[in-house]
Structure formats: structure tokens, C-alpha cells
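Thank you all for coming; I would like to walk you through one model this morning. Please look at the sequence and the structure as they come up.

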Amino acid sequence: MQKDGEVTDIQHFAKGSSIRVVNFLREKFEKMYGKKTKVDDWTKSKGLGFITDGTETRFVELHWYDVKNFGRFEIKEKWEEN
């Protein structure tokens, strides 16, 4: 999956302990990058964008977690427009 262009209509809808899986994310992030994070460093966000999967480009809603001083982590496609 490759992102084409920018993500628009970004909304942040959960932060810190409001994120159900924040402790799992913190552990995974530490294992991958060797950096510890605080619970309040995490934000759950969503936005609209285009992705390319092979030869097809699709308009989708993307969900991800933002980590303070790092950026987007764990990007997931939630739906696509037909």
C-alpha cells in the first residue's frame, strides 16, 4: 500500500488513556524503535486520502496513531469509496 498525496480532513478523536490499546502501542513502539513513550504522547486520528494497491488507486478513510516527536504509526485503511 502506497499513499498518494496528502491526507485531508484530519480529525484527532482520542488522546492518551482514551485510546483503548495505548499500552500495547507503547510496547510495540519500544520494541521496534527502542524508544519509550508516555501515555499522553499518543493521539488517535483519521483522515481521507488516496492509496495505490498494485495498479489500482482508491479513495479511502485512513486511521492511525500519532506519536509525539515521531509522527504517524500503525496506519490502517477503514473504508473505501466505490
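**Contacts and salt bridges**

I begin with a side-chain pair: Thr52 and Thr57 make a polar contact through their side chains, at 3.4 Å, a polar contact being a pair of N or O atoms within 3.5 Å where, within protein, one must be able to donate a hydrogen and the other to accept it, and where residues adjacent in sequence count only if both atoms are side-chain atoms.

Before going further, I should say that this is a predicted model, in which local features need pLDDT of at least 70 and side-chain atom pairs count only at pLDDT 80 or more, while totals for chains, interfaces and linings use all residues. Residues are numbered from 1 along each chain as its sequence is written, and side-chain values use heavy atoms, with hydrogens and water left out.

As for confidence, the mean pLDDT (the predictor's confidence in each residue, from 0 to 100) of the protein chain is 89, and 90% of its residues reach 70 or more. Among the elements of the chain, helix α1, residues 22-33, has the highest mean, 96, and strand β1, residues 2-15, the lowest, 82; helices (H or I, at least four residues) and strands (E, at least two) are DSSP runs, numbered from the N terminus.

Returning to Thr52, this residue is found in strand β2, residues 42-53, and it is buried, with a relative accessible area of 17%; buried means under 20% relative accessible area, exposed over 50%, and partly exposed in between, with a 1.4 Å probe and protein chains only. Leu48 also lies in strand β2 and is buried at 18%. What is Leu48 in contact with, leaving aside its neighbours within four places in sequence? Its contacts (heavy atoms within 4.5 Å) include Asp9, Phe59 and Trp79, and the C-alpha atoms of Leu48 and Asp9, 39 residues apart along the chain, are separated by 6.0 Å.

Let me turn to charge. Side chains of opposite charge can pair when their charged atoms come close. The structure holds 2 salt bridges, each defined as a side-chain nitrogen of Lys or Arg within 4 Å of a carboxyl oxygen of Asp or Glu.

In one, the closest N and O atoms of Glu74 and Lys28 are 2.6 Å apart, and the pair links strand β4, residues 71-80, with helix α1, across 46 residues. Another joins Arg58 and Glu77 at 3.2 Å, N to O; because Arg58 lies in strand β3, residues 56-67, and Glu77 in strand β4, the pair ties together parts 19 residues apart in sequence. Arg58 is buried at 13%, whereas Glu77 counts as partly exposed at 30%.
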